[in-house]
Amino acid sequence: MPIRFLDLPTLLGGTLLQAPATDVTIASLLLDSRRVGLTEGALFFALRGPNHDGHHHLAALYAKGVRLFVVSHAPASLGPFVGAGFVQVADTLAALQALAAQHRAAFQQPVWAITGSNGKTIVKEWLAQLLAPDEGICRSPKSYNSQVGVPLSVWELAPGRHTLGIFEAGISEQGEMARLARVIHPTHGIFTTLGTAHDAGFASETDKLTEKLQLFEQSGFELLVYCADQPAVHAAVQARHLPALAWTRHEVPGAALRFRLKSTTAGTTTVRVRLGETSATAHFPAEHLALRAATRFTLPFADEPSVENALHCLAVLLWRQLDPAKALDPAEIQRRLLRLQPVAMRLEMKQGRHGCYLLDDTYNNDLAGLALALDALSRQARPGGRTLILSDVLESGLSGPALYARVLALVRAHGVTRLIGVGEAVSAELGGAVLQAEFEQTQLITQFYPTTEALLADLRPREFQNETILVKGARRFGFERVVAALQQLQHGTVLEVNLDALTHNLQYYRQRLHPGTKLMVMVKAFAYGSGSYEVASLLQFQRADYLAVAYPDEGQQLRENGISLPIMVLNPGPDSFEQLRRYRLEPEIYSLERLHDYLQAAHEATAGTAPLPPLHLKLDTGMRRLGFDENDLPALLDQLAAHRVQLPVASIMTHLAAADDPAHDDFTQQQLSTFQRMAAAIEAVLGRSVLKHALNSAGIRRFPEAQFDMVRLGVGLYGVEAGDESSRNLLPVSTLRTTVSQVKTLPADTTVGYGRRGVATAHERRVATLAIGYADGYDRRFSAGAGLVLLHGRRAPVVGSVCMDMVMVDVTDIPETQPGDVAMLFGEGLTINELAARIGTIPYELLTNVSERVKRVFVSE
Ligand SMILES: *Cc1c(COP(=O)(O)O)cnc(C)c1O
């Protein structure tokens with residue numbers, strides 16, 4: 001049943017503030033003012049979070065064409081919102097969820113909900129892959145499992161097209177699951193794993209479990225699939241008498257399915273299926289099970305998590321065998337299981353050739369996935385063309401003109417300038433003459449190819465210059481070949497930067513800020529080695545207030561890539577003021593000489609040139625590096641008094657010398673009080689108050705009372721904070737990987753490398769040579785056992801000296817190592833903190849040392 005805007009006051013228990021010019025059916029839900037796609041029928045919910053308030057963006061949304069709004073606070077005046085509809089509710093998030101729950105209620109088919117600590121997304125994707133031939137499936141895009149992600153996912157259920165829903169539910173606090181349960185209202189469920197990860201939002205493991213199981217304690221709930229080998233979960237499900245199908249890899253009583261596993265040398269696992277005792281299988285009567293013919297399946301995985309996730313799916317498939325209408329030939333089940341592939345749902349961003357930038361998303365291609373990928377494309381700040389290379393779109397229950405009309409609407413809504421379609425369907429639907437004429441008018445360039453091979457034969461990378469290119473294809477189109485053709489050549493070493501982890505760390509620090517405290521983020525030194533433009537673009541999207549770089553050239557590069565946030569430059573040279581003016585870069589002024597340069601440049605400005613950007617006064621309160629110290633203050637005040645108009649002071653700042661170390665807290669407090677005293681004197685002369693800031697990452701965590709008006713976040717954003725016990729709240733952002741070039745078996749008494757520093761051993765050993773050296777930033781102090789790398793998840797010590805482009809490691813205990821294997825230099829399981837400690841340096845140095853010749857790849861879910 002379509003829901004119309006004028007139904008909302010009753011449905012949501014709200015008040016109609018203003019009716020829209022015409023009442024329309026709600027077509028899509030919109031939460032983020034930066035992601036406006038289609039405006040027709042789009043309903044905006046103004047959500048409020050700790051750092052963000054959707055109410056601030058109503059005018060901008062209206063300007064983009066959005067006409068339907070749900071708010072908790074009425075705008076001061078509805079005057080500017082001619083023709084728009086407004087409903088006011090007490091809580092906009094609750095209203096969003098209520099609307100989704102209403103929509104869900106109209107869907108009469110099975111809805112599966114998946115929760116647990118790990119594996120939710122993979123189990124969901126695999127279950128969808130396994131059932132796709134038989135069902136029209138609606139599933140959460142990527143891992144949309146939160147309080148807002150779930151309602152958005154459930155909203156996509158279309159009764160005519162879908163026969164099955166599969167949604168993930170993820171929670172972090174008490175009380176959240178009941179809300180998700182009302183939205184999903186599952187008929188079936190899977191509980192993956194309980195997990196032991198520290199969860200701040202819960203008092204105990206039991207609390208967490210109790211909370212999660214609420215998902216399945218709904219009226220009309222029919223079946224929970226779970227692994228009985230987790231005693232706490234097994235006991236809790238039984239105590240609640242939930243209708244359940246438990247499986248075990250051991251002999252756990254009460255489990256209806258017993259899986260006996262054997263891994264093979266080919267990297268697969270065979271599963272022998274037996275039935276548990278019948279008494280416990282009320283929900284799984286053995287006599288009905290058409291399993292006798294084939295009770296053995298092969299899974300195309302050997303690693304523990306993949307096997308576990310696949311077994312959940314196998315249990316569901318076996319349960320479906322009970323229904324004659326859904327039962328499959330066991331050989332067909334086997335065929336489908338073998339087609340399962342590791343889920344790489346990440347969007348990867350890479351440097352392309354000829355100044356292009358690639359967004360590589362070749363996992364699946366349905367409407368929801370396409371919309372998300374186009375969002376990512378439109379979030380890129382870079383100027384220049386936007387190309388979409390698109391395969392046929394595979395959407396459950398929708399095809400032909402109806403499907404491609406939606407595809408085209410999405411393409412148009414996201415500012416694509418060139419569309420390259422690959423596949424029979426997209427060519428037939430969008431390649432026709434009538435549309436072509438229309439495309440010409442709207443200046444959308446299009447090309448179509450029946451196959452990926454045809455595109456590759458015709459692809460001229462040179463024809464793509466300084467563009468942002470989204471490569472979006474279903475797996476069977478093999479678009480990784482297209483990416484390879486457009487990508488810059490790489491040697492084997494890659495620094496992978498996880499943008500989701502970066503966002504997580506940003507939120508961690510943001511939650512520590514008082515309301516109204518501004519956030520400056522340091523992206524100096526190539527964003528601590530992580531890649532300036534990409535990090536800055538993310539920060540701009542995440543609404544940081546300010547960026548800071550060390551030198552004007554870094555700022556210029558950000559501007560040329562479309563970054564529009566205010567940018568402060570820590571170290572402007574005496575001759576850089578024209579560059580600062582041209583690129584609107586705000587200098588840090590740390591000495592009377594620089595102040596003089598600034599005044600000079602302001603004076604030389606000819607009529608018609610833009611004024612100099614505002615400046616930031618740096619005070620030295622104890623760092624003894626850059627800045628005015630207290631002795632300079634009288635002279636500074638004189639200058640400020642004499643040139644108040646020519647010196648637009650944007651902020652006053654200082655830098656703490658030891659904010660991370662409690663041993664120096666007295667010193668830090670002294671720095672802070674000196675800062676306040678000096679800042680007050682400056683403000684007195686200026687006759688107004690200006691922004692003040694002092695805290696770096698460690699300071700944000702340790703001196704919340706000294707936030708002043710702004711803080712300067714640095715290394716913590718990148719996932720490390722020197723000497724910080726709370727680092728477990730941060731996620732590692734960077735992973736450095738390289739490949740094995742050669743493996744040698746060395747007899748006893750053999751030395752390795754330059755200077756024969758890899759001393760001879762009494763026994764035979766295997767040594768692998770890796771394609772990374774100190775010229776890539778792999779520190780030479782890692783020589784001779786000081787450093788370690790991870791190969792096949794195990795630690796291999798460095799043998800001998802690190803060379804310029806290579807390093808040797810001992811893999812005697814990792815016998816499966818062979819050329820082409822990937823070795824991890826740092827990342828999850830081998831932290832930068834640990835490695836820095838091993839060679840007596842700080843994490844900052846390891847991060848920033850990774851040379852620019854190492855390619856950066858940016859990933860996000
Ligand atoms: C680098 C820097 C910061 C950030 O320091 P972190 O320790 O990386 O958080 C803050 N302020 C100034 C002036 C800096 O140079």
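**Notes on the ligand site and the cavities**

1. A good place to begin is tyrosine 844, which has a polar side-chain atom 2.7 Å from an oxygen atom of the ligand. A polar contact here is a pair of N or O atoms within 3.5 Å. The protein covers 94% of the 390 Å² of accessible area that the ligand has on its own (Shrake-Rupley method, 1.4 Å probe).

2. Please keep in mind that this is a predicted model, with local features needing pLDDT of at least 70, side-chain atom pairs counting only at pLDDT 80 or more, and totals for chains, interfaces and linings using all residues. Residues are numbered from 1 along each chain as its sequence is written, and side-chain values use heavy atoms, with hydrogens and water left out.

3. Two further contacts are worth a look. Arginine 712 places a polar side-chain atom 2.8 Å from a nitrogen atom of the ligand, while a polar backbone atom of glycine 714 is 3.2 Å from a ligand oxygen atom.

4. Residues around the ligand (a heavy atom within 4 Å) include Met522, Lys524, Arg625, His655 and Asn696. By class, this shell has five nonpolar, four polar and three charged residues, with Tyr counted as nonpolar and Gly as polar.

5. Now to the enclosed space: there are three cavities of 30 Å³ or more, a cavity being a set of points on a 1 Å grid where a 1.4 Å probe fits but cannot get out. The largest cavity holds about 100 Å³. Among its 13 lining residues (an atom within 4 Å of a point), Arg139, Lys142, Asn364, Asp366 and Gly369 are closest to its centre.

6. Where does the largest cavity lie? Domain 2 (107-338) and domain 3 (351-489) both contribute to its lining, so it lies between them.

How values were computed
A polar contact is a pair of N or O atoms within 3.5 Å; within protein, one must be able to donate a hydrogen and the other to accept it, and residues adjacent in sequence count only if both atoms are side-chain atoms. On a 1 Å grid over the protein atoms alone, a cavity is a set of points where a 1.4 Å probe fits but cannot get out, and a pocket is an open set with protein on both sides within 12 Å along at least five of seven lines; lining residues have an atom within 4 Å of a point. Grid points are joined across faces, edges and corners, and a volume is the space filled by probe spheres set on the points. Domain bounds come from an automatic or database domain assignment.
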